[in-house]
Amino acid sequence: MTDHARYDAVWRRAEPYMRVRKNDVHIPLSFAWLNRLLAHYPDADRDICSLALILHDIGWYTIDTERMFEEGFRSENFLFSDVRYLHEAEGVRLATEVLKDTGWDALIDPVCEIIDGHDTRVTPHHLNDRIMRDADKLWRYDVPGVAVACDWFDETPHANLTRAEKMMDGIETDYGRSLAEATAKETRARLFMDML
């Protein structure tokens, strides 16, 4: 069974909540980064990390689109805006429903512990938290991530990747940091950022 297939019921149950903010692109791309991290950190719990990753941003579904972008991405202090906390709380609520409906009841608490604060908590709780948070960030250094995030932040690709690079200190693991650096360098070249 592939990593994706093990969680098919969760993907299918959460899919309607991913139809906002291009989460149906963000979450699958982040899931691929998660699998790379999990291969490097075998002590992390694959089920907890994978379920948290699949469900971590479904709370955005409950927030008005204009408010989401204006407060959650384009405001001066967007990382600590009210909608950031709200999407985490709503994510916990929806994730609890999804996990109950799909037979993952035993993992509701550890999965929701990660979702609650994944964007706003300064310090991660443990390795599983660190791994999920890195996977959530790594996608933004690749070409598709830059393309999507440009819309979120209303920025050019150059400005978006430059801002993301300045936030690289927030990557929790050494391996994650090396992946981010290499990927950002490749993306700069692929998008001709020396000229555009």
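**Figure 1. Lys-137 sits in helix α8.** This view, like the others here, comes from a predicted model. With a relative accessible area of 16%, Lys-137 falls under the 20% limit, so the residue counts as buried. Leaving aside residues up to four places away in sequence, Lys-137 touches Gly-170, Ile-171 and Glu-172.

**Figure 2. Helix α3 crosses helix α8 at roughly 130°.** Here is a friendly reminder for reading the packing views: two packed helices are described by the angle between their axes and the distance between the axes. For α3 and α8, the axes come within 8 Å. How do the two helices lie relative to each other? An angle of roughly 130° lies between the 115 and 145 degree limits, so α3 and α8 are oblique. The crossing of α3 past α8 is right-handed. On the α3 side, the contact is made by His-26, Ser-30, Trp-33, Leu-34, Leu-37 and Leu-38. On the α8 side, Ile-131, Met-132, Asp-134, Ala-135, Asp-136 and Leu-138 take part. Sorted by class, this contact has eight nonpolar, two polar and two charged residues. While you look at the α3 residues, it may help to recall that an α-helix has 3.6 residues a turn, so residues three or four places apart point the same way.

**Figure 3. Helix α4 (residues 46-55) meets helix α8 (residues 127-138) with the axes within 9 Å.** The two axes cross at roughly 40°, and α4 and α8 are therefore oblique to each other. This crossing, too, is right-handed: α4 passes α8 in that sense. From α4, the residues in contact are Ile-48, Cys-49, Ala-52 and Leu-53. Their partners in α8 are Asn-128, Ile-131, Met-132, Ala-135 and Asp-136. By class, seven nonpolar residues make up the contact along with one polar and one charged residue. Readers coming from the previous view will recognise Ile-131, Met-132, Ala-135 and Asp-136, which are listed in the contact with α3 and also in the contact with α4.

**Figure 4. Nine of the ten residues of helix α4 are buried.** Which residues are they? The buried set consists of Asp-47, Ile-48, Cys-49, Ser-50, Leu-51, Ala-52, Leu-53, Ile-54 and Leu-55. Asp-47 is also worth a look at the start of α4, where a side-chain oxygen of Asp-45 reaches to within 3.0 Å of the backbone nitrogen of Asp-47.

**Figure 5. Helix α5 (residues 65-72) packs against helix α6 (residues 82-101) at an angle of about 125°.** The axes of these two helices are 8 Å apart, and α5 and α6 are therefore oblique to each other. Arg-67, Met-68, Glu-71 and Gly-72 come from α5. Facing them in the contact are Asp-82, Val-83, Arg-84 and Leu-86 of α6. The class count for this contact is three nonpolar, one polar and four charged residues.

**Figure 6. Thr-102 lies in the loop between α6 and α7 (108-115).** A polar atom of the Thr-102 side chain lies 2.7 Å from the backbone oxygen of Val-98. Not counting residues up to four places away in sequence, Thr-102 touches Ala-9, Val-10 and Arg-13. Another residue to find in this view is Arg-12, which belongs to helix α2. The C-alpha atoms of Arg-12 and Thr-102 are separated by 9.6 Å, although the two residues are 90 places apart along the chain. Is Arg-12 buried or exposed? Arg-12 is exposed because its relative accessible area of 64% is over the 50% limit.

**Figure 7. Arg-19 occupies the loop between α2 (8-14) and α3 (23-40).** Its side chain makes a polar contact with the side chain of Asp-24, at 2.3 Å. Arg-19 is separated from Tyr-61 by 42 residues along the chain, and their C-alpha atoms are 7.4 Å apart. Relative accessibility for Arg-19 is 53%, so this residue counts as exposed.

**Figure 8. Asp-154 and Phe-192 have positive phi values.** For background, most residues other than glycine have a negative phi. Asp-154 has a phi near 55° and is found in the loop between α9 (143-153) and α10 (157-166). At 62% relative accessibility, Asp-154 counts as exposed. Phe-192, with phi near 50°, belongs to the segment after α11 (174-190). Its relative accessibility is 47%, so Phe-192 counts as partly exposed.

Notes:
Residues are numbered from 1 along each chain as its sequence is written. This is a predicted model: local features need pLDDT of at least 70, side-chain atom pairs count only at pLDDT 80 or more; totals for chains, interfaces and linings use all residues. Side-chain values use heavy atoms; hydrogens and water are left out. Helices (H or I, at least four residues) and strands (E, at least two) are DSSP runs, numbered from the N terminus. Buried means under 20% relative accessible area, exposed over 50%, partly exposed in between (1.4 Å probe, protein chains only). A polar contact is a pair of N or O atoms within 3.5 Å; within protein, one must be able to donate a hydrogen and the other to accept it, and residues adjacent in sequence count only if both atoms are side-chain atoms. Axes are lines fitted to C-alpha atoms, for helices over the stretch in contact, and angles run from 0 to 180 degrees between N-to-C directions. Angles under 35 degrees count as roughly parallel, over 145 as roughly antiparallel, 65 to 115 as roughly perpendicular and the rest as oblique. A crossing is left-handed if the near helix is turned anticlockwise from the far one by less than a right angle, and right-handed if clockwise. Contact means heavy atoms within 4.5 Å. Ala, Val, Leu, Ile, Met, Phe, Trp, Tyr, Cys and Pro count as nonpolar, Asp, Glu, Lys and Arg as charged, and the others, Gly among them, as polar.
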